[in-house]
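Hi,

Here is the structure I said I would pass on. Have a look at it first, and then read on for what turned up.

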Amino acid sequence: MATEDIKIGISGTSTTKVCKENCASLMGSGALDVFATPAVVAYMEMAACYAVNDLLEEGLSTVGTRVDIAHIKASPIGETITATATLKEIDGRRLVFDVTARDSKGEIANGTHERFIIKVDKFLAKLQ
């Protein structure tokens with residue numbers, strides 16, 4: 001499994017606008033029309049995927065295995081959210097990212113996210 005291009009410090013970003021569909025009120029994680037914590041997590045995971053996807057050999061992918069974040073500030077409908085994931089640790093197939101999310105007023109969430117490099121066919125075969 002060659003992953004020599006995956007190095008500490010690589011990063012990825014994902015961006016979205018806060019809308020009704022990614023608000024706590026619709027996602028079931030609260031009653032308010034603010035960016036939902038599950039949406040914050042999803043965009044942080046997406047940023048981590050973007051950091052490594054193009055560096056993986058054909059037949060390899062990553063799966064998320066751990067998320068530890070603090071969602072420290074609410075963001076209203078219309079705000080733009082940018083999540084960033086920066087690789088801070090590599091332990092064999094295990095990748096650990098520092099993750100943050102920001103809106104126009106500053107940081108709204110931070111933490112760590114762990115992913116594992118997997119062989120897609122072997123991983124899917126286990127589901128049978």
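Let's start with Asn-22, which sits in the loop between strand S1 (11-17) and helix H1 (24-27). Keep in mind throughout that this is a predicted model. Is Asn-22 buried or exposed? Its relative accessible area is 8%, and anything under 20% counts as buried, so Asn-22 is buried.

What does the Asn-22 side chain reach? It gets to the backbone nitrogen of Cys-19, at 2.8 Å. If you set aside the neighbours within four places in sequence, Asn-22 is in contact with Thr-16, Lys-17, Met-27, Val-34, Phe-35, Ala-36 and Ala-39.

One of those contacts, Phe-35, leads to the next item. The count of aromatic pairs comes to one. That pair is formed by Phe-35 and Tyr-43, with 6.3 Å from centre to centre and 45° between the planes, which makes it tilted. As for cover, Phe-35 has 2% relative accessibility and counts as buried. Tyr-43 has 19%, and because the cut-off for buried is under 20%, Tyr-43 counts as buried too.

Further along the chain there is Leu-60, in strand S2 (residues 60-71). Leu-60 comes out at 14% relative accessibility, so it counts as buried. In case you want a distance to check your set-up against, the C-alpha atoms of Leu-60 and Lys-126 are separated by 15 Å, with the two positions 66 residues apart along the chain.

Now for the whole chain. The secondary structure comes to three helices and five strands, and reading along the sequence gives the pattern β-α-α-β-β-β-β-α. The C-alpha trace spans about 45 × 35 × 20 Å along its principal axes. How much of the chain is buried? Of the 128 residues, 36% count as buried.

On contacts, take the ones between residues at least 6 apart in sequence: 66% of these join residues at least 24 apart.

Last, surface and charge. The accessible surface of the protein chain is about 7,000 Å², and 51% of that belongs to carbon and sulfur atoms. There are 14 positive and 17 negative side chains, and the centres of the two sets lie 3 Å apart.

That's the lot from me. Shout if anything looks odd on your side.

Cheers

Technical notes
Residues numbered from 1 in each chain as written. Predicted model: local features only at pLDDT ≥ 70, side-chain atom pairs only at ≥ 80, totals over all residues. Heavy atoms only, no water. Phe/Tyr/Trp six-rings, centres within 6.5 Å; stacked < 30°, edge-to-face > 60°. Buried < 20%, exposed > 50% of the residue type's maximum accessible area, 1.4 Å probe, protein only. Helix = DSSP H or I, 4+ residues; strand = E, 2+ residues; numbered from the N terminus. Contact = heavy atoms within 4.5 Å. Areas by Shrake-Rupley, 256 points an atom, 1.4 Å probe, with all protein chains shown as cover. Lys, Arg positive; Asp, Glu negative; His and termini not counted. Charge placed at Lys NZ, Arg CZ, Asp CG, Glu CD. Polar contact = N/O pair within 3.5 Å; in protein donor to acceptor, adjacent residues only side chain to side chain.
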